Amino acid sequence: MYPLEFYGEMYDLSLFVTEYTNNGRLAIILIDRDGEDFADMTVNLPGERCPEGCAFVDTSNSPWLEEFIVRNGLGEFTGAYGYSGFCSYPQYRFYSQVISRSPKNTYRAEYLERGRWKKLEDFSSEDEAYGCMEDQYYFDSKNGEPFVKYRVREIRGEK
């Protein structure tokens, strides 16, 4: 666990190490003690060069992340930046012991609440996770159309 003081409250966070599905690049999400997403540590910039073990840090949404990475000994700044729109994102090389992934994949069932995905339960197979999700829909109050409030996400080597 990595401690963080955020707006006067203390949080114990862990790293959720995975990869972006469109290009296999390193993706890291900070998870709180309850297993819920706290913040995306990285951002996917497919048009930018990014060596193995490196990732662009989402300082646009979480400006405190660079200090968090250095203070907790997670990685080091490469000197490079990636760009998207009007934002620049520093590239960090994450230490191998921090981002090592276990070979076992997990499937996480999550639900959407107030714009944030929250953990329901982890499963060893995708079929089990989707089985948990059967009939988990709610309806759009404007037109009565069903839309999915739940999802299943593959987790590769959760730390």
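The following dialogue asks how several descriptions of this predicted model are justified.

Student: What makes M10 count as exposed?

Tutor: M10 has a relative accessibility of 57%. A residue is called exposed when that value is over 50%, so M10 counts as exposed. M10 is found in strand β2.

Student: Which residues is M10 in contact with, leaving aside its neighbours within four places in sequence?

Tutor: They are P3, L4 and E5. The word contact is used because heavy atoms of the two residues lie within 4.5 Å.

Student: Why is strand β3 described as mostly covered?

Tutor: Buried means under 20% relative accessible area. Six of the six residues of β3, which spans residues 26–31, are buried, and therefore the strand is described as mostly covered. L26, I28 and L30 point one way from β3, while A27, I29 and I31 point the other way, and all are buried.

Student: How do you know that β2 and β3 pair?

Tutor: Two strands pair if at least two bridges are found between them. Strand β2, residues 9–19, and β3 have six bridges, in the antiparallel sense, so the requirement is met. One example is T18, whose bridge partner in β3 is A27. The hairpin of these strands has six residues between them, and G24 takes a positive phi near 70° there.

Student: What makes β3 and β4 a pair as well?

Tutor: Three bridges join β3 to strand β4, residues 37–40, and the two run antiparallel. Since at least two bridges are needed, β3 and β4 therefore pair. L30 stands opposite A39 in β4. Five residues lie between these strands in their hairpin, and G35 in the turn has a positive phi of about 85°.

Student: How many bridges support the pairing of β7 with β8?

Tutor: Strand β7, residues 75–84, and strand β8, residues 87–94, share seven bridges in the antiparallel sense. The cut-off is at least two bridges, so this is a pair too. E76 has R93 in β8 as its bridge partner. The hairpin has two residues between the strands, and G85 takes a positive phi near 60°.

Student: Why is one space called a cavity and another a pocket?

Tutor: A cavity is a set of points where a 1.4 Å probe fits but cannot get out, whereas a pocket is an open set, so the two names record whether the space is closed or open. The structure holds one cavity of 30 Å³ or more, and the largest cavity has a volume of about 40 Å³. The largest pocket has a volume of about 380 Å³.

Student: What lines the largest cavity?

Tutor: Its lining includes Y20, R25, L26, V43 and N44. Strand β6, residues 54–57, gives the most to this lining, with three residues. The lining residues divide into eight nonpolar, one polar and one charged.

Student: Which residues lie nearest the centre of the largest pocket?

Tutor: They are I29, D37, D40, R151 and R153, from a lining of 21 residues. The elements that give two or more residues to this lining are β2, β3, β4, β5 (42–43), β10 (116–123) and β13 (150–156). By type, the lining has nine nonpolar, four polar and eight charged residues.

Student: What percentage of the residues of the protein count as buried?

Tutor: Of the 159 residues, 39% count as buried. The secondary structure comes to three helices and 13 strands.

Key: Residues numbered from 1 in each chain as written. Predicted model: local features only at pLDDT ≥ 70, side-chain atom pairs only at ≥ 80, totals over all residues. Heavy atoms only, no water. Buried < 20%, exposed > 50% of the residue type's maximum accessible area, 1.4 Å probe, protein only. Helix = DSSP H or I, 4+ residues; strand = E, 2+ residues; numbered from the N terminus. 1 Å grid on protein atoms, 1.4 Å probe; cavity = no way out; pocket = protein on both sides within 12 Å on 5 of 7 lines; lining within 4 Å. Points joined across faces, edges and corners; volume = space filled by probe spheres on them. Nonpolar A, V, L, I, M, F, W, Y, C, P; charged D, E, K, R; others polar.
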